Amino acid sequence: MTTEAIHDEVRAHYAQAAIMATEGACCSSGEEIGPELYSALERAELPEAAVLASLGCGNPIAVAELHEGERVLDLGSGGGIDVLLSAKRIGPTGRAFGLDMTDEMLALAQANASAAGATNVEFLKGHIGAIPLPANSIDVVISNCVINLAADKPAVFREIARVLRPGGRMGVSDIVADDRLTADERAARGSLAGCIAGTLSFGEFEAGLAEAGLVDVQITPTHLVTDGMASAIIKATKPGPDGRSTQLNAGPATGSKPRISLDLLPVAASDGATCSGDGCC
Ligand SMILES: C[S@@+](CC[C@H](N)C(=O)[O-])C[C@H]1O[C@@H](n2cnc3c(N)ncnc32)[C@H](O)[C@@H]1O
């Protein structure tokens with residue numbers, strides 16, 4: 001499939017999801033999918049439409065450790081749930097950017113931001129493989145179930161490394177495949193737009209981030225979404241100005257540690273009650 005064909009398929013899927021959310025008909029009701037991944041307190045902070053439009057497979061805010069005044073970028077921001085939660089944590093001196101390629105999602109996110117009265121947020125149209133922001137301008141990159149949808153994942157990793165300031169960090173949720181699964185085996189488990197067919201394996205994710213120059217890579221699976229695939233939290237940092245890791249007591253990258261066996265993870269609800277009926281989204 002060409003890059004354009006991938007973008008068209010994914011955009012059509014999420015345009016429809018945004019329209020459903022706007023009509024109050026979307027999206028997930030699985031216990032390990034969408035709004036249920038956020039605490040009741042987090043959900044209470046937001047307009048109901050923003051919560052209902054959640055299509056993620058984790059909660060990057062829970063691990064991003066955001067601070068007052070930081071500049072945050074959410075890759076594939078959808079209805080804006082993680083941008084709006086970030087905006088509250090970084091306060092009026094910070095800025096939260098949401099980047100999405102789907103007009104209908106951008107309109108939904110903007111409406112949710114207005115309903116939330118958020119003034120420190122900005123939604124940008126574009127591709128996560130060509131981020132329309134300057135180099136070294138972002139403290140924290142977050143994302144929720146989007147990297148698996150990207151046509152050119154090395155470009156996404158390069159762009160994350162480019163926009164992060166030296167010492168900046170990323171904390172994203174995504175679906176990751178067991179290293180043993182071939183590309184065909186991944187594709188047999190679900191669609192591209194449903195966040196399954198385009199997943200990277202643990203090893204591919206680690207290697208891609210390292211290749212882009214990011215360090216302290218940690219991939220922690222949280223729950224199984226289908227046979228051999230788990231939702232995971234992926235963290236990494238950009239080396240500081242002296243080229244060294246800025247993480248105090250950073251442990252070895254996950255590649256050099258035994259991973260949690262996917263068989264031991266809790267299983268995601270798989271009642272098919274999602275927009276697409278497969279995968280996370
Ligand atoms: C699974 S939804 C997740 C939305 C949001 N992160 C959340 O947690 O609710 C994927 C979103 O990423 C956007 N997206 C997918 N591929 C993209 C790309 N290559 N560039 C920009 N946005 C993309 C889609 O338009 C959609 O809004």
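How many nonpolar, polar and charged residues does the shell around the ligand have? Keep that in mind as you work through these exercises on a predicted model.

**Exercise 1. Describe the shell around the ligand, by class and by origin.**

Step 1. Sort by class: the shell has 14 nonpolar, nine polar and two charged residues.

Step 2. Pick out the closest members. The ligand is surrounded by 25 residues, and G56, G76, G78, T102 and N144 are the closest.

Step 3. Look for elements that supply at least two shell residues each: α1 (3-22), α5 (81-90) and β2 (95-100) do so.

**Exercise 2. Take G76 from the shell and work out its setting.**

Step 1. Locate G76: it sits in the loop between β1 and α5.

Step 2. Decide on burial. The cut-off for a buried residue is 20 or more other C-beta atoms within 10 Å. G76 has 27 such neighbours, so G76 counts as buried.

Step 3. List the contacts. Beyond the four places on either side in sequence, G76 is in contact with D100, I128, S143, V146 and L149.

Step 4. Compare sequence and space: G126 is 50 residues away from G76 along the chain, yet their C-alpha atoms are 9.2 Å apart.

**Exercise 3. Explain how enclosed α5 is, and say what follows the helix.**

Step 1. Count the buried residues: eight of the 10 residues of α5 are buried, and therefore the helix is largely enclosed by the rest of the structure.

Step 2. Name them: I81, D82, V83, L84, L85, S86, A87 and I90.

Step 3. Move past the end of the helix, where G91 follows with a positive phi near 70°.

**Exercise 4. Characterise the packing of α1 against α6 (residues 103-116).**

Step 1. Choose the descriptors. A pair of packed helices is described by the distance between the axes and the angle between them.

Step 2. Apply them: the axes of α1 and α6 come within 7 Å and cross at roughly 30°.

Step 3. Add the handedness, which is left-handed for this crossing of α1 and α6.

Step 4. Assign the contact residues. From α1 come Y14, A15, A18, I19, A21 and T22, while α6 contributes E104, M105 and L108.

Step 5. Classify them: the contact of α1 with α6 has seven nonpolar residues, one polar and one charged.

**Exercise 5. Connect the largest nonpolar core to L73 and F97.**

Step 1. Start from the general trend: in soluble globular proteins, nonpolar side chains tend to be buried together.

Step 2. Find the best-connected members. The largest nonpolar core has 77 residues, of which V72, L73, L84, V141, I160, I175 and V176 touch the most other members.

Step 3. Follow L73. Setting aside neighbours within four places in sequence, its contacts are F97, L99, L133, I138, V141 and V163.

Step 4. Turn to F97, which lies in strand β2. F97 counts as buried because 23 C-beta neighbours lie inside 10 Å.

Step 5. Read the contacts from the other side. With the same four-place exclusion, F97 is in contact with V72, L73, D74, E122, L124 and L133. F97 and L75 are 22 residues apart in sequence and 8.7 Å apart from C-alpha to C-alpha.

**Exercise 6. Examine α7 (residues 153-163), its buried residues and R158.**

Step 1. Identify the buried residues of α7: K153, V156, F157, E159, I160, A161 and V163.

Step 2. Ask what covers them. The cover includes β1 (71-75), β4, β5 (164-177), β6 (200-201) and α9 (202-211).

Step 3. Consider R158, also in α7. R158 has 19 C-beta neighbours inside 10 Å and so counts as partly exposed.

Step 4. Look along the chain: R158 and G213 are 55 residues apart, with 8.0 Å between their C-alpha atoms.

**Exercise 7. Find the setting of two non-glycine residues with positive phi, N136 and D216.**

Step 1. For N136, phi is near 60°. N136 lies in the loop between β3 (121-125) and β4 (138-144). N136 counts as exposed because it has 12 C-beta neighbours inside 10 Å.

Step 2. For D216, phi is near 55°. D216 belongs to strand β7 (residues 215-226), and with 18 other C-beta atoms within 10 Å, D216 is partly exposed.

**Exercise 8. Step back and summarise the chain.**

Step 1. Count the elements: the chain has nine helices and eight strands.

Step 2. Give the buried share, which is 51% of the 281 residues.

Step 3. Consider contacts with a separation of 6 or more: residues 24 or more positions apart account for 74% of them.

Notes:
Residues numbered from 1 in each chain as written. Predicted model: local features only at pLDDT ≥ 70, side-chain atom pairs only at ≥ 80, totals over all residues. Core = buried A, V, L, I, M, F, W, Y, C linked by C-beta atoms within 7 Å. Contact = placed C-beta atoms within 7 Å. Near = placed C-beta within 6 Å. Helix = DSSP H or I, 4+ residues; strand = E, 2+ residues; numbered from the N terminus. Nonpolar A, V, L, I, M, F, W, Y, C, P; charged D, E, K, R; others polar. Axes fitted to C-alpha atoms, helices over the stretch in contact; angles between N-to-C directions. Left-handed = near helix turned anticlockwise from the far one by under 90°.
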